[in-house]
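My notebook is open and I'm going to jot things down as I look them up. Here is what I have on screen.

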Amino acid sequence: MTKTQIKKRLEAILNYIQDLYDEVEEARDSIEPYEGKEDLTDQQEERYEWLDELVSQLEDAYSSLEEYSY
């Protein structure tokens with residue numbers, strides 16, 4: 001495999017990570033208290049935290065791989 005081939009595949013992976021990041025971030029940000037409630041339920045809070053951590057991990061993965069794509 002050549003360096004050019006690797007960079008092309010890496011670019012595709014970075015695009016996939018970015019798309020996933022956007023979707024996960026949107027899912028996280030869409031979590032709101034149920035109608036008539038002011039706070040998230042424990043289950044909603046747990047989901048929010050899980051998605052928030054995933055956003056952070058995807059951001060780290062993107063940053064780590066991005067330096068090799070140039």
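Before anything else, I need a cut-off: a residue is called buried when its relative accessible area is under 20%, exposed when that is over 50%, and partly exposed in between. I also remind myself that this is a predicted model.

**Entry 1: I31**

Is I31 buried or exposed? I looked up its relative accessibility and got 14%, which is why I31 counts as buried. I checked where I31 sits, and it is in the loop between helix 1 and helix 2.

Which residues does I31 touch, if I skip those up to four places away in sequence? My list reads L40, Q44, R47, Y48 and L51. I picked Q44 from that list and looked up the spacing: the C-alpha atoms of I31 and Q44 are 7.0 Å apart, with their positions 13 residues apart along the chain.

**Entry 2: the whole chain**

I stepped back to take in the overall fold. The secondary structure amounts to two helices and zero strands. I put a box around the C-alpha atoms along the principal axes, and it came to roughly 60 × 15 × 15 Å.

How does the radius of gyration look beside that of a compact globule of 70 residues? The globule would be near 11 Å, but this chain has 17 Å.

I noted the burial too: buried residues are 17% of the 70 in the chain. The chain exposes about 5,900 Å², and 46% of that comes from carbon and sulfur atoms.

Then I looked at contacts between residues at least 6 apart in sequence. Of these, 64% join residues at least 24 apart.

**Entry 3: helix 1**

Helix 1 covers residues 3-29, which makes 27 residues. I looked up its reach from first C-alpha to last and wrote down 38 Å, close to the 39 Å expected at 1.5 Å a residue.

Which residues of helix 1 are buried? I found L10, L14, I17, Y21, V24 and R28. What do they pack against? It's helix 2, residues 42-66.

I also checked D22, which lies in helix 1. D22 has a relative accessible area of 37%, so I wrote it down as partly exposed. For a sense of distance along here, I looked up D22 and A12: they are ten residues apart along the chain, and their C-alpha atoms are separated by 15 Å.

**Entry 4: the nonpolar core**

Which residues make up the largest nonpolar core? There are seven: I17, Y21, V24, I31, L51, V55 and L58. Helix 1 and helix 2 each supply at least two residues of this core. I was pleased to meet I31 again here, since I had already found it buried at 14%. A reminder from class fits on this page: in soluble globular proteins, nonpolar side chains tend to be buried together.

**Entry 5: salt bridges around R28**

How many salt bridges does a search of the whole structure find? I got three, and I went through them in turn.

- E25 pairs with R28, and their closest N and O atoms are 3.7 Å apart. Both are in helix 1, three residues apart, which is about one turn of the helix.
- R28 also pairs with D29, where the closest N and O atoms are 2.9 Å apart.
- R28 and D52 meet through their side chains at 2.7 Å, N to O. This pair links distant parts of the chain, with R28 in helix 1 and D52 in helix 2, 24 residues apart.

I wanted to know how covered each partner is. R28 has a relative accessible area of 10%, so it is buried. E25, at 24%, is partly exposed. D29 is partly exposed as well, with 45%, and D52 gets that label at 33%.

My last note for this page: E25, R28, D29 and D52 are linked in a network of salt bridges.

Notes. Residues are numbered from 1 along each chain as its sequence is written. This is a predicted model: local features need pLDDT of at least 70, side-chain atom pairs count only at pLDDT 80 or more; totals for chains, interfaces and linings use all residues. Side-chain values use heavy atoms; hydrogens and water are left out. Helices (H or I, at least four residues) and strands (E, at least two) are DSSP runs, numbered from the N terminus. The expected span of a helix is 1.5 Å times one less than its number of residues. Buried means under 20% relative accessible area, exposed over 50%, partly exposed in between (1.4 Å probe, protein chains only). Contact means heavy atoms within 4.5 Å. A nonpolar core is a set of buried Ala, Val, Leu, Ile, Met, Phe, Trp, Tyr and Cys residues joined through side-chain atoms within 4.5 Å. The radius of gyration is taken over C-alpha atoms; the globule rule is 2.2 Å times the number of residues to the power 0.38. Accessible areas come from the Shrake-Rupley method with a 1.4 Å probe; for residues, only the protein chains shown count as cover. A salt bridge is a side-chain nitrogen of Lys or Arg within 4 Å of a carboxyl oxygen of Asp or Glu.
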